[in-house]
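Please open the structure in your viewer and keep the sequence beside it, so that each selection can be followed in both.

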Amino acid sequence: VVMHRLLYFAYGSNLWPPRLQARAASCIPTTRAILPGYQLRFHKLGRDGSAKCDACFTGNDAHQVEGVIYTLLAQERAALDRAEDLGRGYDAHWLDVESEAGVVEVLTYRARPEMVVAGLKPFSWYREYILKGALYHHLSSGYVEQIVLQQAVSDPDRARVEQNHAILRCD
């Protein structure tokens, strides 16, 4: 049986390997990459009412989203689609990213236009996934600083906080 793998570009909470492994157990980080002409924004309305990440197209050459290319088994894509609320929260896109291995076409998820809401803030635990992932994968210091400076709010749902802190403590 041939197991087909696909390339997935993570730039948000899935940067933290244990977070993505909970969704797609076969995932393996392969290389850092950038998505030029896009900007990381925390403006996608999540199911929990807080802000989630989006790779927002700007067309500005000065903008880029940093992230990591993972490989994962193609049959795990359905679970990833569910986690990303495909068709309701995010849409799947095949985009070219610039990696250390050259230009690579990857699957990624971008916020649906109707889910973009100005003024939202992420929960602290969500921002922590992105920050830990960015540090783990050695993304640029300027990019890490951008994540650190993103304002976040406390999640009033203690059970959700504990569930996410358990995944954040994995190394």
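The tour below goes through a helix pair and then two loop residues in this predicted model.

Begin by selecting residues 124–136, which form helix H3, together with residues 158–168, which form helix H5. The axes of these two helices lie 10 Å apart and the helices pack at an angle of about 10°; because angles under 35 degrees count as roughly parallel, H3 is described as roughly parallel to H5.

Next, show the side chains where the two helices meet. On the H3 side the contact is made by Trp125, Glu128, Tyr129 and Lys132, while H5 contributes Arg160, Val161, Asn164, His165, Ile167 and Leu168. If you colour these residues by character, the contact of H3 with H5 divides into 5 nonpolar, 2 polar and 3 charged residues.

From there, move along the chain from H3 to His138, which is placed in the loop between H3 and helix H4 (141–149). Its phi is near 60°, a positive value in a residue other than glycine. Is His138 buried or exposed? With a relative accessibility of 60%, His138 counts as exposed, since the cut-off for that class is over 50%.

Finally, select Asp85, in the loop between helix H2 (77–83) and strand E6 (90–99). Asp85 likewise has a positive phi, near 55°, in a residue other than glycine. Its relative accessibility, however, is 8%, so Asp85 counts as buried, the cut-off for that class being under 20%.

How values were computed. Residues numbered from 1 in each chain as written. Predicted model: local features only at pLDDT ≥ 70, side-chain atom pairs only at ≥ 80, totals over all residues. Heavy atoms only, no water. Axes fitted to C-alpha atoms, helices over the stretch in contact; angles between N-to-C directions. Helix = DSSP H or I, 4+ residues; strand = E, 2+ residues; numbered from the N terminus. Parallel < 35°, antiparallel > 145°, perpendicular 65-115°, else oblique. Contact = heavy atoms within 4.5 Å. Nonpolar A, V, L, I, M, F, W, Y, C, P; charged D, E, K, R; others polar. Buried < 20%, exposed > 50% of the residue type's maximum accessible area, 1.4 Å probe, protein only.
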